[in-house]
Structure formats: C-alpha cells, structure tokens
Amino acid sequence: MIRLGASDDLPRLIEISLAAFGEVTWQRAVDREFGPLNGLDWRERWRQRVEKALREQTFLVLVEQDAIAGYACGTVDQAIGLGH
C-alpha cells in the first residue's frame, strides 16, 4: 500500500535514509576531514534534512506488512507545473 507520509513516520523515514545513504553520502567524508559541522555529525544532519523535507514536501510511503518499507518525496512548483 502507498499512502501519504505523516509526522509519526519520521523515525522510520530517518532510519531508511541513514541505511540507504549512509555508506555513500559525502557528508561522512566531511566529518572525517573536518569533524562534525557546528557540533552536528552527518547522522544528525541527515535527520534534520529528512525532518525538514517531511515538513515542506509531499512524502509517499510504501507500507508492507504494516511497516514502512520505503518512501519517495518531492515538491510541485505550482507556477510552472513541474515536479521535483
């Protein structure tokens, strides 16, 4: 089933994001080179990024066996009718 994301989904969305991007994000390299930015390590920066996106974008979550298995998010520029 696919449904709209909700604020209660945030912990699972963060978990999925860290698992999916943790090994490939350039933000880990930034931490290795310079340390946490303003006291925030790459995981916390990702958490804040997903939290902000959930507030500002449309999230569709894939639910399998009563658990969120994945998600997609984006925005629509209403003025030009283009999705991102």
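Phe21 is partly exposed, with a relative accessible area of 38%. I start with this residue in what is a predicted model, and I will come back to confidence at the end.

Phe21 has a ring partner. The structure holds 2 aromatic pairs, and one of them joins Phe21 to Trp46. The two rings are stacked, with 5.1 Å from centre to centre and 5° between the planes. Where do Phe21 and Trp46 lie? Phe21 belongs to helix α1, residues 10–21, and Trp46 to helix α3, residues 42–56, so the pair ties together parts that are 25 residues apart in sequence.

Is Trp46 buried or exposed? Trp46 is buried, at a relative accessible area of 9%. Phe21, to repeat, is partly exposed at 38%. Trp46 also has a charged residue over its ring: Arg49 lies over the face of Trp46, 4.5 Å from the ring centre.

Next, a residue that meets both Trp46 and Arg49. Gln27 is placed in helix α2, which covers residues 26–34. With a relative accessible area of 8%, Gln27 counts as buried, because the cut-off for buried is under 20%. Which residues is Gln27 in contact with, leaving aside neighbours within four places in sequence? They are Trp42, Arg45, Trp46 and Arg49.

Now the sheet. This is an open sheet of 3 strands, in the order β1-β2-β3, and the pairing is antiparallel. At the edges stand β1, residues 2–4, and β3; each has a single partner strand, so one side of each is left without a neighbour in the sheet. On average, neighbouring strands are turned by 30° against each other, direction ignored.

Take the two pairings in turn. β1 and β2 run antiparallel and are joined by 3 bridges. Across this pairing, Leu4 stands opposite Leu60 in β2. Helix α1 packs on the sheet, where it touches β2 and β3, and the direction of α1 makes about 80° with that of β3. That is the helix that holds Phe21.

On the other side of the order, strand β2, residues 58–64, pairs with strand β3, residues 67–74, in the antiparallel sense over 7 bridges. Here Val61 stands opposite Tyr71 in β3. How many residues lie between β2 and β3 in their hairpin? There are 2, and Gln65 in the turn has a positive phi of about 50°.

One more residue of β2 is worth a look while we are here. Val63 is in strand β2 and is buried, with a relative accessible area of 14%. Val63 and Ile2 are 61 residues apart in sequence, yet their C-alpha atoms are 6.1 Å apart in space. Not counting residues up to four places away in sequence, Val63 touches Met1, Arg3 and Ile68. As a general point, side chains in a regular strand alternate between the two faces of the sheet.

Last, confidence. The protein averages a pLDDT of 92, and 100% of the residues score at least 70. Where is confidence lowest, and where is it highest? The lowest is strand β4, residues 76–77, at a mean of 86, and the highest is β1, at 96. In general, where pLDDT is low, the predicted coordinates should not be read in detail.

To go back over the main items: the stacked pair of Phe21 and Trp46, buried Gln27 in contact with residues including Trp46, and the open sheet of 3 strands.

Definitions and conventions:
Residues are numbered from 1 along each chain as its sequence is written. Side-chain values use heavy atoms; hydrogens and water are left out. Rings of Phe, Tyr and Trp (its six-membered ring) pair if their centres lie within 6.5 Å; planes under 30 degrees apart count as stacked, over 60 as edge-to-face and the rest as tilted. Helices (H or I, at least four residues) and strands (E, at least two) are DSSP runs, numbered from the N terminus. Buried means under 20% relative accessible area, exposed over 50%, partly exposed in between (1.4 Å probe, protein chains only). A charge sits over a ring if NZ of Lys or CZ of Arg is within 6 Å of the ring centre and within 35 degrees of the ring normal. Two strands pair if DSSP finds at least two bridges between them. Contact means heavy atoms within 4.5 Å. Axes are lines fitted to C-alpha atoms, for helices over the stretch in contact, and angles run from 0 to 180 degrees between N-to-C directions. pLDDT is the predictor's confidence in each residue, from 0 to 100.
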